[in-house]
Amino acid sequence: MAQDLDFDTKVFEKEIISVGDGTEAIVRGGRDRFALLAPAFAGVEQIGVIGWGSQGPAQAQNLRDSLADTDVRVTVGLREGSSSFDAAREAGFSEADGTLGEMFDVIGGSDIVILLISDAAQAAEAERVFDALKPGATLGLSHGFLLGHLQNTGGSFPDDVNVIAVCPKGMGPSVRALYLQGAEVNGAGINASFAVHQDVDGRATDYALGWSIALGSPYTFQTTLESEYRSDIFGERGILLGAVHGMVEALYRRFRGEGASPDEAFRRSAECITGPVSRTISHSGMAGVFDRLDDAGREIFRRAYDATYPPVKAVLQEIYDEVRSGNEIRSVVVAGERLARYPMPTIDRTEMWHVGETVRAARGEDAIPLDPFTAGAYCATMTAQIDVLTEAGHPASEIVNESVIEAVDSLNPYMHARGIAHMIDNCSTTARLGARKWAPRFDYAFVQEAFPALDAAPPETRPSAAFEEHPIHAVLDEVAKLRPSVNISVA
(Lines give C-alpha, C1' and ligand atoms only; values in the text may rest on other atoms or scores of the structure.)
Protein backbone atom coordinates (compact mmCIF):
# COMPACT_ATOMS: atom_id res chain seq x y z
CA MET A 1 0.00 0.00 0.00
CA ALA A 2 2.98 2.31 -0.59
CA GLN A 3 1.82 5.83 -1.34
CA ASP A 4 3.30 8.72 -3.27
CA LEU A 5 1.65 11.68 -1.58
CA ASP A 6 1.92 15.35 -2.44
CA PHE A 7 -0.46 18.27 -2.61
CA ASP A 8 -0.71 21.83 -3.83
CA THR A 9 -2.38 24.62 -1.90
CA LYS A 10 -3.25 28.08 -3.16
CA VAL A 11 -3.80 29.52 0.33
CA PHE A 12 -1.60 27.86 2.94
CA GLU A 13 2.14 27.44 3.28
CA LYS A 14 3.33 23.89 2.69
CA GLU A 15 6.34 22.76 4.70
CA ILE A 16 8.56 19.73 4.09
CA ILE A 17 9.71 17.73 7.12
CA SER A 18 12.06 14.75 7.36
CA VAL A 19 10.42 11.64 8.79
CA GLY A 20 12.23 8.33 8.85
CA ASP A 21 13.90 7.65 5.55
CA GLY A 22 11.83 10.17 3.62
CA THR A 23 10.06 13.49 3.66
CA GLU A 24 6.45 14.58 3.98
CA ALA A 25 4.57 17.78 3.28
CA ILE A 26 2.60 19.29 6.15
CA VAL A 27 0.75 22.50 6.95
CA ARG A 28 1.21 24.06 10.38
CA GLY A 29 -1.77 25.45 12.24
CA GLY A 30 -2.24 28.04 14.93
CA ARG A 31 -4.49 31.02 15.50
CA ASP A 32 -2.16 33.23 13.51
CA ARG A 33 -3.36 31.24 10.44
CA PHE A 34 -7.05 31.99 11.04
CA ALA A 35 -6.80 35.05 8.77
CA LEU A 36 -6.34 32.60 5.88
CA LEU A 37 -9.66 30.89 6.49
CA ALA A 38 -11.70 33.50 4.60
CA PRO A 39 -9.80 32.98 1.32
CA ALA A 40 -9.73 29.21 1.88
CA PHE A 41 -13.53 29.15 2.11
CA ALA A 42 -14.23 31.92 -0.42
CA GLY A 43 -17.71 31.41 -1.87
CA VAL A 44 -18.80 29.07 0.92
CA GLU A 45 -21.91 30.36 2.68
CA GLN A 46 -22.70 27.45 4.97
CA ILE A 47 -20.82 24.55 6.52
CA GLY A 48 -23.19 21.91 7.88
CA VAL A 49 -21.92 19.77 10.75
CA ILE A 50 -24.10 16.67 10.87
CA GLY A 51 -24.28 14.77 14.15
CA TRP A 52 -23.61 15.43 17.82
CA GLY A 53 -21.61 12.43 18.99
CA SER A 54 -17.96 12.56 20.08
CA GLN A 55 -16.66 14.76 17.26
CA GLY A 56 -19.79 16.77 16.48
CA PRO A 57 -19.81 19.19 19.43
CA ALA A 58 -16.07 19.84 19.20
CA GLN A 59 -15.93 20.37 15.46
CA ALA A 60 -19.07 22.50 15.28
CA GLN A 61 -17.93 24.81 18.08
CA ASN A 62 -14.32 25.04 16.91
CA LEU A 63 -15.38 25.83 13.34
CA ARG A 64 -17.91 28.40 14.51
CA ASP A 65 -15.39 30.13 16.75
CA SER A 66 -12.59 30.09 14.18
CA LEU A 67 -14.84 31.39 11.38
CA ALA A 68 -16.51 34.09 13.49
CA ASP A 69 -14.85 36.89 11.49
CA THR A 70 -15.83 35.46 8.09
CA ASP A 71 -19.11 35.25 6.16
CA VAL A 72 -19.33 31.48 6.65
CA ARG A 73 -22.19 30.21 8.79
CA VAL A 74 -21.68 26.95 10.71
CA THR A 75 -24.95 25.07 11.12
CA VAL A 76 -25.58 21.85 13.06
CA GLY A 77 -27.87 19.23 11.56
CA LEU A 78 -29.52 16.55 13.71
CA ARG A 79 -32.06 13.81 13.24
CA GLU A 80 -35.63 14.97 13.70
CA GLY A 81 -36.55 14.43 17.34
CA SER A 82 -32.96 13.89 18.45
CA SER A 83 -32.31 14.43 22.15
CA SER A 84 -29.11 16.25 21.16
CA PHE A 85 -31.02 19.38 20.09
CA ASP A 86 -30.96 20.64 23.68
CA ALA A 87 -27.21 20.10 23.97
CA ALA A 88 -26.61 21.92 20.69
CA ARG A 89 -28.75 24.84 21.90
CA GLU A 90 -26.75 24.96 25.13
CA ALA A 91 -23.60 25.22 23.01
CA GLY A 92 -25.02 28.31 21.28
CA PHE A 93 -26.63 26.90 18.12
CA SER A 94 -30.20 27.94 17.40
CA GLU A 95 -33.04 27.35 14.98
CA ALA A 96 -33.85 31.06 15.20
CA ASP A 97 -30.58 32.18 13.62
CA GLY A 98 -30.31 29.29 11.16
CA THR A 99 -27.45 27.52 12.93
CA LEU A 100 -29.46 24.45 14.00
CA GLY A 101 -31.86 22.29 12.03
CA GLU A 102 -32.99 18.88 10.80
CA MET A 103 -30.06 16.99 9.27
CA PHE A 104 -31.31 16.55 5.71
CA ASP A 105 -32.45 20.17 5.52
CA VAL A 106 -28.99 21.24 6.65
CA ILE A 107 -27.30 18.86 4.19
CA GLY A 108 -29.33 20.27 1.32
CA GLY A 109 -28.55 23.87 2.29
CA SER A 110 -24.82 23.51 2.88
CA ASP A 111 -21.89 24.07 0.56
CA ILE A 112 -19.70 21.86 2.74
CA VAL A 113 -21.28 18.97 4.64
CA ILE A 114 -19.21 17.45 7.47
CA LEU A 115 -20.82 14.09 8.17
CA LEU A 116 -20.16 13.06 11.78
CA ILE A 117 -22.99 10.64 12.49
CA SER A 118 -22.02 7.16 13.68
CA ASP A 119 -20.35 4.73 11.30
CA ALA A 120 -23.35 2.40 11.24
CA ALA A 121 -25.67 5.37 10.58
CA GLN A 122 -23.44 6.50 7.71
CA ALA A 123 -23.73 3.06 6.16
CA ALA A 124 -27.51 3.03 6.62
CA GLU A 125 -28.15 6.60 5.46
CA ALA A 126 -25.49 6.96 2.74
CA GLU A 127 -27.83 7.06 -0.23
CA ARG A 128 -30.19 9.57 1.40
CA VAL A 129 -27.21 11.76 2.27
CA PHE A 130 -25.88 11.55 -1.28
CA ASP A 131 -29.30 12.43 -2.71
CA ALA A 132 -29.59 15.46 -0.42
CA LEU A 133 -26.22 16.97 -1.39
CA LYS A 134 -26.25 19.97 -3.69
CA PRO A 135 -24.46 19.41 -7.02
CA GLY A 136 -20.94 20.72 -6.64
CA ALA A 137 -21.06 20.56 -2.85
CA THR A 138 -18.27 19.12 -0.72
CA LEU A 139 -18.77 16.05 1.45
CA GLY A 140 -16.43 16.01 4.44
CA LEU A 141 -15.69 12.96 6.58
CA SER A 142 -13.62 12.55 9.72
CA HIS A 143 -13.18 8.83 9.23
CA GLY A 144 -12.88 6.67 6.11
CA PHE A 145 -15.39 4.09 7.34
CA LEU A 146 -17.95 5.08 4.70
CA LEU A 147 -15.45 4.44 1.91
CA GLY A 148 -14.75 0.98 3.34
CA HIS A 149 -18.47 0.26 3.47
CA LEU A 150 -18.92 1.38 -0.13
CA GLN A 151 -16.02 -0.84 -1.18
CA ASN A 152 -17.69 -3.76 0.57
CA THR A 153 -21.06 -3.14 -1.12
CA GLY A 154 -19.91 -2.00 -4.56
CA GLY A 155 -21.21 1.53 -4.01
CA SER A 156 -19.55 4.86 -4.75
CA PHE A 157 -19.69 8.53 -3.88
CA PRO A 158 -21.65 10.84 -6.24
CA ASP A 159 -19.33 11.96 -9.01
CA ASP A 160 -20.42 15.62 -8.91
CA VAL A 161 -19.19 16.46 -5.40
CA ASN A 162 -15.86 16.91 -3.71
CA VAL A 163 -15.07 14.21 -1.15
CA ILE A 164 -12.53 15.21 1.50
CA ALA A 165 -11.55 14.12 4.97
CA VAL A 166 -10.05 15.77 8.02
CA CYS A 167 -9.41 13.27 10.78
CA PRO A 168 -8.36 14.62 14.19
CA LYS A 169 -6.02 12.24 15.99
CA GLY A 170 -7.95 12.36 19.21
CA MET A 171 -11.42 12.07 20.69
CA GLY A 172 -13.84 14.97 20.36
CA PRO A 173 -13.48 16.28 23.93
CA SER A 174 -9.70 16.47 23.38
CA VAL A 175 -10.24 18.40 20.14
CA ARG A 176 -12.35 20.98 21.99
CA ALA A 177 -10.27 21.12 25.19
CA LEU A 178 -6.97 21.75 23.42
CA TYR A 179 -8.60 24.25 21.05
CA LEU A 180 -9.70 26.26 24.08
CA GLN A 181 -6.19 26.05 25.50
CA GLY A 182 -5.02 27.49 22.18
CA ALA A 183 -6.50 30.83 23.22
CA GLU A 184 -3.57 31.07 25.64
CA VAL A 185 -0.93 29.04 23.78
CA ASN A 186 -0.98 29.52 20.01
CA GLY A 187 -0.90 26.18 18.23
CA ALA A 188 -2.44 24.10 21.01
CA GLY A 189 -4.67 21.47 19.47
CA ILE A 190 -4.93 17.90 18.18
CA ASN A 191 -3.05 16.93 15.02
CA ALA A 192 -5.13 15.86 12.04
CA SER A 193 -4.69 14.03 8.77
CA PHE A 194 -6.40 15.16 5.59
CA ALA A 195 -7.33 13.38 2.39
CA VAL A 196 -8.79 14.47 -0.93
CA HIS A 197 -10.72 11.57 -2.44
CA GLN A 198 -12.54 13.55 -5.15
CA ASP A 199 -11.84 17.09 -6.36
CA VAL A 200 -14.40 18.34 -8.85
CA ASP A 201 -13.66 22.07 -8.68
CA GLY A 202 -9.97 22.35 -7.78
CA ARG A 203 -10.74 23.68 -4.29
CA ALA A 204 -10.94 20.47 -2.29
CA THR A 205 -7.42 20.63 -0.87
CA ASP A 206 -7.80 24.16 0.48
CA TYR A 207 -11.21 23.31 1.91
CA ALA A 208 -9.68 20.38 3.77
CA LEU A 209 -6.70 22.35 5.04
CA GLY A 210 -8.93 25.25 6.09
CA TRP A 211 -11.20 22.85 7.96
CA SER A 212 -8.23 21.32 9.79
CA ILE A 213 -6.72 24.67 10.77
CA ALA A 214 -10.14 25.90 11.94
CA LEU A 215 -10.33 22.86 14.23
CA GLY A 216 -7.07 23.97 15.82
CA SER A 217 -4.75 21.31 14.43
CA PRO A 218 -1.09 22.14 15.23
CA TYR A 219 -0.09 20.37 12.05
CA THR A 220 -1.93 18.60 9.27
CA PHE A 221 -0.45 15.75 7.25
CA GLN A 222 -1.67 14.01 4.13
CA THR A 223 -3.07 10.53 3.74
CA THR A 224 -5.71 8.79 1.63
CA LEU A 225 -9.21 7.92 2.74
CA GLU A 226 -8.47 4.20 2.46
CA SER A 227 -5.20 4.46 4.37
CA GLU A 228 -6.97 6.47 7.08
CA TYR A 229 -9.73 3.99 7.76
CA ARG A 230 -7.32 1.07 7.76
CA SER A 231 -4.95 2.69 10.24
CA ASP A 232 -7.75 4.17 12.39
CA ILE A 233 -9.90 1.06 12.80
CA PHE A 234 -6.75 -1.01 13.28
CA GLY A 235 -5.32 1.45 15.81
CA GLU A 236 -8.35 1.56 18.07
CA ARG A 237 -8.41 -2.23 18.18
CA GLY A 238 -4.68 -2.09 18.92
CA ILE A 239 -2.66 0.15 21.23
CA LEU A 240 -5.26 2.93 21.48
CA LEU A 241 -7.98 0.86 23.16
CA GLY A 242 -8.17 -2.90 22.68
CA ALA A 243 -4.53 -3.75 23.34
CA VAL A 244 -4.14 -1.52 26.38
CA HIS A 245 -7.36 -2.95 27.84
CA GLY A 246 -6.26 -6.56 27.41
CA MET A 247 -2.71 -5.79 28.52
CA VAL A 248 -3.59 -4.15 31.83
CA GLU A 249 -6.04 -6.92 32.70
CA ALA A 250 -3.27 -9.50 32.21
CA LEU A 251 -0.61 -7.45 34.01
CA TYR A 252 -2.90 -6.74 36.98
CA ARG A 253 -3.56 -10.45 37.49
CA ARG A 254 0.14 -11.26 37.11
CA PHE A 255 1.19 -8.73 39.73
CA ARG A 256 -1.56 -9.93 42.09
CA GLY A 257 -0.33 -13.49 41.60
CA GLU A 258 3.17 -12.39 42.55
CA GLY A 259 1.84 -11.07 45.86
CA ALA A 260 1.15 -7.40 45.11
CA SER A 261 -1.79 -5.78 46.87
CA PRO A 262 -4.74 -4.75 44.69
CA ASP A 263 -3.74 -1.08 44.88
CA GLU A 264 -0.10 -1.82 44.06
CA ALA A 265 -1.04 -4.09 41.15
CA PHE A 266 -3.28 -1.38 39.70
CA ARG A 267 -0.61 1.29 40.07
CA ARG A 268 2.03 -0.91 38.43
CA SER A 269 -0.25 -1.76 35.48
CA ALA A 270 -2.97 0.73 34.48
CA GLU A 271 -1.69 3.76 36.40
CA CYS A 272 1.85 3.24 35.16
CA ILE A 273 0.76 3.19 31.51
CA THR A 274 -1.64 6.13 31.61
CA GLY A 275 0.63 8.13 33.92
CA PRO A 276 4.45 8.10 33.79
CA VAL A 277 4.84 5.95 30.67
CA SER A 278 2.46 8.10 28.61
CA ARG A 279 3.83 11.42 29.88
CA THR A 280 7.39 10.33 29.14
CA ILE A 281 6.55 9.16 25.62
CA SER A 282 4.63 12.38 24.97
CA HIS A 283 7.66 14.55 25.70
CA SER A 284 10.66 12.26 25.15
CA GLY A 285 9.49 9.37 22.99
CA MET A 286 9.66 5.67 23.76
CA ALA A 287 13.44 5.93 24.02
CA GLY A 288 12.86 8.34 26.90
CA VAL A 289 11.07 5.61 28.86
CA PHE A 290 14.05 3.28 28.48
CA ASP A 291 16.46 6.08 29.35
CA ARG A 292 14.68 6.74 32.66
CA LEU A 293 15.42 3.24 33.94
CA ASP A 294 18.52 2.10 35.80
CA ASP A 295 20.55 -0.88 34.58
CA ALA A 296 18.45 -3.43 36.44
CA GLY A 297 15.24 -1.82 35.21
CA ARG A 298 16.49 -1.83 31.63
CA GLU A 299 17.10 -5.56 31.75
CA ILE A 300 13.56 -6.13 33.09
CA PHE A 301 12.26 -3.85 30.29
CA ARG A 302 14.16 -5.91 27.71
CA ARG A 303 12.84 -9.22 29.06
CA ALA A 304 9.26 -7.97 29.01
CA TYR A 305 9.74 -6.52 25.52
CA ASP A 306 11.28 -9.74 24.17
CA ALA A 307 8.45 -11.87 25.55
CA THR A 308 5.70 -9.49 24.43
CA TYR A 309 6.66 -8.39 20.93
CA PRO A 310 6.25 -11.70 18.97
CA PRO A 311 2.78 -12.74 20.20
CA VAL A 312 1.25 -9.25 20.15
CA LYS A 313 2.60 -8.54 16.68
CA ALA A 314 0.85 -11.69 15.46
CA VAL A 315 -2.44 -10.46 16.94
CA LEU A 316 -1.93 -6.98 15.46
CA GLN A 317 -1.22 -8.44 12.02
CA GLU A 318 -4.44 -10.43 12.25
CA ILE A 319 -6.36 -7.27 13.16
CA TYR A 320 -4.87 -5.39 10.22
CA ASP A 321 -5.78 -8.23 7.86
CA GLU A 322 -9.35 -8.23 9.16
CA VAL A 323 -9.61 -4.47 8.59
CA ARG A 324 -8.02 -4.64 5.14
CA SER A 325 -10.36 -7.46 4.09
CA GLY A 326 -13.44 -5.43 5.07
CA ASN A 327 -14.45 -7.89 7.79
CA GLU A 328 -14.19 -5.41 10.66
CA ILE A 329 -16.35 -2.88 8.81
CA ARG A 330 -18.93 -5.57 8.02
CA SER A 331 -19.00 -6.58 11.68
CA VAL A 332 -19.86 -3.02 12.73
CA VAL A 333 -22.64 -2.73 10.15
CA VAL A 334 -24.26 -6.05 11.08
CA ALA A 335 -23.98 -5.27 14.81
CA GLY A 336 -26.63 -2.56 14.55
CA GLU A 337 -29.65 -4.83 14.69
CA ARG A 338 -28.07 -7.10 17.30
CA LEU A 339 -27.23 -4.21 19.62
CA ALA A 340 -30.87 -3.12 19.63
CA ARG A 341 -31.66 -6.46 21.32
CA TYR A 342 -28.42 -7.01 23.21
CA PRO A 343 -26.86 -3.66 24.22
CA MET A 344 -23.20 -3.66 25.20
CA PRO A 345 -22.80 -3.75 28.98
CA THR A 346 -20.13 -1.76 30.76
CA ILE A 347 -16.79 -3.38 31.61
CA ASP A 348 -16.18 -1.53 34.87
CA ARG A 349 -17.70 -4.04 37.29
CA THR A 350 -14.80 -6.41 38.03
CA GLU A 351 -12.34 -6.15 40.93
CA MET A 352 -9.66 -4.36 38.96
CA TRP A 353 -11.84 -1.43 37.97
CA HIS A 354 -13.32 -1.03 41.45
CA VAL A 355 -9.75 -0.90 42.76
CA GLY A 356 -9.01 1.74 40.13
CA GLU A 357 -11.75 3.99 41.47
CA THR A 358 -10.20 3.86 44.93
CA VAL A 359 -6.65 4.42 43.65
CA ARG A 360 -7.63 7.44 41.53
CA ALA A 361 -9.58 8.98 44.42
CA ALA A 362 -6.51 8.84 46.66
CA ARG A 363 -3.97 9.40 43.90
CA GLY A 364 -0.60 10.97 44.47
CA GLU A 365 1.32 11.17 41.21
CA ASP A 366 4.62 10.57 43.03
CA ALA A 367 3.29 7.19 44.19
CA ILE A 368 2.83 5.87 40.63
CA PRO A 369 5.88 3.80 39.72
CA LEU A 370 7.52 3.59 36.32
CA ASP A 371 7.36 -0.17 36.39
CA PRO A 372 9.98 -1.52 33.96
CA PHE A 373 8.05 -4.70 33.18
CA THR A 374 4.88 -2.80 32.29
CA ALA A 375 6.91 -0.24 30.35
CA GLY A 376 8.60 -2.96 28.32
CA ALA A 377 5.30 -4.69 27.52
CA TYR A 378 3.63 -1.42 26.51
CA CYS A 379 6.50 -0.21 24.33
CA ALA A 380 6.71 -3.64 22.67
CA THR A 381 3.02 -3.48 21.77
CA MET A 382 3.28 0.10 20.52
CA THR A 383 6.33 -0.74 18.40
CA ALA A 384 4.67 -3.88 17.02
CA GLN A 385 1.74 -1.74 15.86
CA ILE A 386 4.16 0.72 14.26
CA ASP A 387 5.91 -2.14 12.46
CA VAL A 388 2.65 -3.62 11.10
CA LEU A 389 1.64 -0.23 9.67
CA THR A 390 5.12 0.38 8.28
CA GLU A 391 5.15 -2.99 6.53
CA ALA A 392 1.73 -2.16 5.05
CA GLY A 393 3.11 1.05 3.49
CA HIS A 394 1.40 3.73 5.58
CA PRO A 395 3.04 7.19 5.69
CA ALA A 396 5.22 7.92 8.71
CA SER A 397 3.13 10.80 10.07
CA GLU A 398 0.02 8.64 10.00
CA ILE A 399 1.84 5.79 11.73
CA VAL A 400 3.22 7.92 14.54
CA ASN A 401 -0.06 9.77 15.09
CA GLU A 402 -2.26 6.64 15.07
CA SER A 403 0.12 4.60 17.20
CA VAL A 404 1.76 7.09 19.56
CA ILE A 405 0.45 10.67 19.62
CA GLU A 406 -3.26 9.82 19.75
CA ALA A 407 -2.55 7.42 22.61
CA VAL A 408 -0.33 9.55 24.82
CA ASP A 409 -1.69 13.03 24.03
CA SER A 410 -5.43 12.36 23.77
CA LEU A 411 -6.81 9.02 24.94
CA ASN A 412 -4.46 8.07 27.76
CA PRO A 413 -4.88 11.38 29.64
CA TYR A 414 -8.64 10.72 29.72
CA MET A 415 -7.99 7.16 30.84
CA HIS A 416 -5.73 8.49 33.59
CA ALA A 417 -8.40 10.91 34.78
CA ARG A 418 -11.42 8.61 34.54
CA GLY A 419 -10.21 5.06 33.99
CA ILE A 420 -9.47 2.76 31.08
CA ALA A 421 -12.81 1.02 31.54
CA HIS A 422 -14.57 4.40 31.39
CA MET A 423 -12.78 5.19 28.13
CA ILE A 424 -13.76 1.87 26.58
CA ASP A 425 -17.38 2.33 27.65
CA ASN A 426 -17.69 5.88 26.31
CA CYS A 427 -16.06 5.82 22.88
CA SER A 428 -17.75 5.25 19.52
CA THR A 429 -19.73 2.10 18.84
CA THR A 430 -17.13 1.05 16.27
CA ALA A 431 -14.34 1.41 18.83
CA ARG A 432 -16.32 -0.22 21.65
CA LEU A 433 -17.08 -3.24 19.48
CA GLY A 434 -13.46 -3.53 18.42
CA ALA A 435 -12.03 -3.15 21.91
CA ARG A 436 -14.36 -5.79 23.31
CA LYS A 437 -13.59 -8.18 20.47
CA TRP A 438 -9.81 -7.89 20.51
CA ALA A 439 -8.88 -7.08 24.14
CA PRO A 440 -9.38 -10.73 25.16
CA ARG A 441 -7.03 -11.76 22.36
CA PHE A 442 -4.30 -9.54 23.75
CA ASP A 443 -5.00 -10.85 27.25
CA TYR A 444 -4.62 -14.39 25.89
CA ALA A 445 -1.38 -13.48 24.07
CA PHE A 446 0.11 -12.25 27.33
CA VAL A 447 -1.10 -15.06 29.58
CA GLN A 448 -0.61 -17.98 27.19
CA GLU A 449 2.46 -16.83 25.24
CA ALA A 450 4.33 -13.82 26.63
CA PHE A 451 4.39 -14.74 30.33
CA PRO A 452 5.44 -18.39 29.76
CA ALA A 453 8.23 -17.14 27.47
CA LEU A 454 9.76 -15.34 30.45
CA ASP A 455 10.72 -18.72 31.92
CA ALA A 456 12.47 -19.81 28.72
CA ALA A 457 16.00 -18.91 27.67
CA PRO A 458 16.24 -15.52 25.94
CA PRO A 459 16.03 -15.85 22.14
CA GLU A 460 19.26 -15.58 20.18
CA THR A 461 17.92 -12.52 18.37
CA ARG A 462 16.21 -10.33 20.92
CA PRO A 463 13.45 -7.99 19.65
CA SER A 464 14.52 -5.44 22.26
CA ALA A 465 17.84 -4.98 20.45
CA ALA A 466 15.90 -3.81 17.38
CA PHE A 467 13.87 -1.49 19.62
CA GLU A 468 16.97 0.30 20.87
CA GLU A 469 17.98 1.04 17.26
CA HIS A 470 14.47 1.48 15.85
CA PRO A 471 14.02 4.35 13.34
CA ILE A 472 10.79 5.38 15.08
CA HIS A 473 12.86 7.16 17.70
CA ALA A 474 14.20 9.63 15.13
CA VAL A 475 10.67 10.14 13.76
CA LEU A 476 9.34 10.89 17.23
CA ASP A 477 12.20 13.32 17.82
CA GLU A 478 11.27 15.19 14.63
CA VAL A 479 7.54 15.19 15.32
CA ALA A 480 8.19 16.38 18.89
CA LYS A 481 9.38 19.68 17.41
CA LEU A 482 5.81 20.23 16.21
CA ARG A 483 4.22 19.36 19.55
CA PRO A 484 2.32 22.14 21.34
CA SER A 485 3.88 23.18 24.62
CA VAL A 486 0.78 22.32 26.66
CA ASN A 487 -0.66 19.02 27.88
CA ILE A 488 -4.34 18.33 27.48
CA SER A 489 -6.38 19.60 30.39
CA VAL A 490 -8.96 17.03 31.53
CA ALA A 491 -11.62 18.52 33.80
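This report describes a helix pair and several salt bridges in a predicted model.

## Packing of helices H10 and H11

Helix H10, which spans residues 242-257, packs against helix H11, residues 262-291, at an angle of about 150°, and the axes of the two helices lie 9 Å apart. Because angles over 145 degrees count as roughly antiparallel, H10 is roughly antiparallel to H11. The crossing of the two helices is right-handed.

On the H10 side, the contact is made by Val244, Met247, Val248, Leu251, Tyr252, Phe255 and Arg256, while H11 contributes Pro262, Ala265, Phe266, Arg268, Ser269, Ala270 and Ile273. Sorted by character, the residues of this contact comprise 11 nonpolar, 1 polar and 2 charged.

## A salt bridge between distant parts of the chain

Arginine 256 of helix H10 also forms a salt bridge with glutamate 351, with the closest N and O atoms 3.8 Å apart. Glutamate 351 belongs to helix H14 (residues 351-361), so that this pair links parts of the chain that are 95 residues apart. Glutamate 351 is partly exposed, with a relative accessible area of 45%, and arginine 256 is likewise partly exposed, at 33%.

## Other salt bridges

The structure holds 30 salt bridges. Among them, glutamate 236 pairs with arginine 237, the closest N and O atoms being 3.0 Å apart; glutamate 236 counts as buried at 9% relative accessibility, and arginine 237 counts as buried at 1%.

Arginine 33 and aspartate 32 form a salt bridge with their closest N and O atoms 2.8 Å apart. Here arginine 33 is partly exposed, with a relative accessible area of 24%, and aspartate 32 is partly exposed at 48%. Elsewhere, Glu299, Arg302, Asp306, Arg462 and Glu468 are joined in a network of salt bridges.

Key. Residues numbered from 1 in each chain as written. Predicted model: local features only at pLDDT ≥ 70, side-chain atom pairs only at ≥ 80, totals over all residues. Heavy atoms only, no water. Axes fitted to C-alpha atoms, helices over the stretch in contact; angles between N-to-C directions. Helix = DSSP H or I, 4+ residues; strand = E, 2+ residues; numbered from the N terminus. Parallel < 35°, antiparallel > 145°, perpendicular 65-115°, else oblique. Left-handed = near helix turned anticlockwise from the far one by under 90°. Contact = heavy atoms within 4.5 Å. Nonpolar A, V, L, I, M, F, W, Y, C, P; charged D, E, K, R; others polar. Salt bridge = Lys/Arg side-chain N within 4 Å of Asp/Glu carboxyl O. Buried < 20%, exposed > 50% of the residue type's maximum accessible area, 1.4 Å probe, protein only.
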